[in-house]
Every structure is written in C-alpha cells, then in structure tokens.
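Good morning, colleagues. Please bring up the sequence and the structure, and I shall go through a few selected features.

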Amino acid sequence: MVGANASKKEGDGYDFAQIRPYMYGENVKRIDWKQSAKNGEIQVRSFFEEKEIHLHVIGLMNGSMHFGIEHSKQEVMSEVIALLGLSAIKNSDFFALSLLSDKLLWQSPASKKEAMVRESILKTLQTPLLGEKINWDYIQEYALYHIKKPSLLFIIGDFFELPKLGAIARKHEVIAIKVRDHFEEKPWSMGALHVKDPITLKEDKVTLDEAFVKRYSAKQKEQDIALQSCLKKEGIKTISIYTNEDPFIKLFTTLGML
C-alpha cells in the first residue's frame with residue numbers, strides 16, 4: 001500500500017498529474033512518444049509525488065487513566081494505539097509512541113515494523129499509572145523539540161485538564177482522542193464511599209448522593225465546554241471514545257468523517 005498518501009507536488013509516484021514538455025535531466029523513461037510525435041516536441045508524463053506520514057502517538061499517562069467500570073481507560077488507550085500503529089505500518093508509514101506524564105515514561109523509535117507496535121502496546125498496558133500527573137509545559141516542550149519531524153500527532157488521554165496545544169498544533173497536525181468512562185461524567189448515587197485519588201493518592205470519605213451528583217455533573221459539563229472551545233480555537237480535531245465502546249468502530253468511523 002505504498003503511496004497511499006499522495007501530495008500535490010510532482011515527483012516519483014503512481015498518480016498521474018499531467019503531460020508536459022520535457023525538461024533537461026528528467027528521466028527519459030517518462031517520455032510519452034505518442035504525444036511527442038503529435039506535438040512535434042518531446043513530452044513527458046508527470047506524476048504526483050508520494051509522501052510518507054510520520055504518525056506519532058502521545059499517551060497521557062496520568063493516574064486517572066487507571067479508572068474504568070467495564071474496561072480501564074488504560075486498556076482502551078492500548079487498543080487505540082494498536083489500531084493506529086498497525087494501520088500506519090500497513091500503509092508503509094512510520095509509527096512512534098511516547099508515554100508522558102510530568103516526565104518521559106517510555107518512548108519507541110520511529111519504525112515500520114509490527115514488532116515495535118506490539119512492544120508499544122505492551123508498554124502501554126504495563127506502565128504503572130497511580131500517582132502520575134500531567135504536566136502540559138513538559139508535554140508541549142517534548143512535542144516541539146523531541147518530535148523533530150512534523151507529524152500526524154495523536155494525543156490520547158482523558159483531558160480532564162485544559163491542555164496547552166496551541167504551539168504543538170502549529171508544528172504538527174494534531175488529533176486529540178478523549179478516552180472517558182460514562183461514570184466520570186454522570187455518576188450515580190451510591191451513598192457514603194471511601195475513595196482514593198489516583199493522582200495525589202490522598203484518601204477521603206465522600207457522600208455520592210443526588211445533590212452531589214447534580215453539582216458534579218454540572219461542573220464537569222462546564223469543564224468539557226471549555227475544553228471543546230480550547231481545542232476548536234486551535235483547529236484540533238477531537239474523537240471521544242468511552243470504555244464501553246468498540247474503539248475500532250468509533251475510531252475509524254470518526255476518522256473517515258474528519
């Protein structure tokens with residue numbers, strides 16, 4: 001499937017562009033002798049150049065990705081990484097993964113080998129999350145200076161904090177994949193609970209009654225409106241995947257519409 005990513009620049013490729021006069025130094029194998037005889041001058045067939053996409057995935061590995069009712073968000077993230085990685089190498093494009101919190105947890109080299117995708121999936125599943133927190137200043141610096149080549153950049157996380165993606169979106173083509181559990185947005189009443197914050201690791205007692213759920217859901221909706229406004233302002237496309245959804249269907253249905 002090499003050459004599936006055609007550009008509008010003429011070069012070595014398979015998609016026909018035009019027939020035009022021969023220029024000194026061009027490949028003589030491209031000469032169209034039939035058209036040359038008709039026009040009285042040497043004519044060549046030109047084609048659109050093919051380009052390789054560098055697909056880079058950033059996994060946001062904060063403690064809250066440990067959560068999930070049916071499946072953990074960490075598991076869903078690994079499925080998404082599998083789908084993106086295998087699609088990239090099937091298309092003969094480069095794939096790379098970086099797992100970030102407030103530091104670099106793991107990174108893969110850019111590769112076209114399935115073995116590297118499999119290792120990336122395993123690292124995503126095995127990386128401990130509890131106690132990890134996101135630092136957007138570090139993530140921005142990493143995307144700008146460590147991912148040197150402009151890339152198709154997928155950033156996967158639950159996005160409960162407003163991101164800093166403006167500078168990143170000016171260098172890379174960014175698509176944000178928001179992985180959530182429905183309970184996080186609309187929890188149900190469960191009475192008194194003993195809970196532990198997966199990021200700070202602090203323990204506390206809360207009462208999950210109807211009044212609390214109503215206040216929480218309203219606050220979360222307000223936060224998501226601000227998030228969507230932030231991403232839209234920077235021209236960043238967004239895909240939302242919940243832990244009870246099929247990542248394959250959701251991802252490729254949505255990507256086909258973007």
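I begin with a pair of helices in this predicted model. Helix α2, residues 73–90, and helix α8, residues 247–255, have axes that come within 10 Å and cross at roughly 55°. With that angle, α2 is oblique to α8. The crossing in which α2 passes α8 is right-handed.

Which residues make the contact between α2 and α8? On the α2 side they are V76, E79, V80, L83, L84 and S87. On the α8 side they are P247, F248, L251 and F252. Sorted by character, the residues of this contact comprise 8 nonpolar, 1 polar and 1 charged.

I turn next to a residue in a strand. Q43 is found in strand β3, which covers residues 43–50. Is Q43 buried or exposed? Its relative accessible area is 6%, and because buried means under 20%, Q43 counts as buried. Setting aside neighbours within four places in sequence, Q43 is in contact with I19, R20, P21 and Y22. The list for Q43 continues with R30, I31, D32, Q35 and S36.

A second strand residue may be set beside that one. L104 lies in strand β6, residues 104–107. The relative accessibility of L104 is 33%; since partly exposed lies between the limits of 20% and 50%, L104 is placed in that class. What does L104 touch, not counting residues up to four places away in sequence? The partners are L99, Y138 and Y142. There is also a C-alpha separation to report: L104 and M61 are 43 residues apart along the chain, and their C-alpha atoms are separated by 9.7 Å.

Let me close with the protein as a whole. The protein has 8 helices and 11 strands. Of its 258 residues, buried ones make up 40%. Taking contacts between residues at least 6 apart in sequence, 67% join residues at least 24 apart.

How does the radius of gyration stand against that of a compact globule? For 258 residues, a compact globule would have a value near 18 Å, whereas the protein has 24 Å. Along the principal axes, the C-alpha atoms fill a box of roughly 90 × 35 × 30 Å.

To return to the opening topic, the contact of α2 with α8 is the one I would ask you to view again on the screen, with V76 and F248 among its residues. Thank you for your attention.

Methods. Residues numbered from 1 in each chain as written. Predicted model: local features only at pLDDT ≥ 70, side-chain atom pairs only at ≥ 80, totals over all residues. Heavy atoms only, no water. Axes fitted to C-alpha atoms, helices over the stretch in contact; angles between N-to-C directions. Helix = DSSP H or I, 4+ residues; strand = E, 2+ residues; numbered from the N terminus. Parallel < 35°, antiparallel > 145°, perpendicular 65-115°, else oblique. Left-handed = near helix turned anticlockwise from the far one by under 90°. Contact = heavy atoms within 4.5 Å. Nonpolar A, V, L, I, M, F, W, Y, C, P; charged D, E, K, R; others polar. Buried < 20%, exposed > 50% of the residue type's maximum accessible area, 1.4 Å probe, protein only. Rg over C-alpha atoms; globule rule 2.2 N^0.38 Å.
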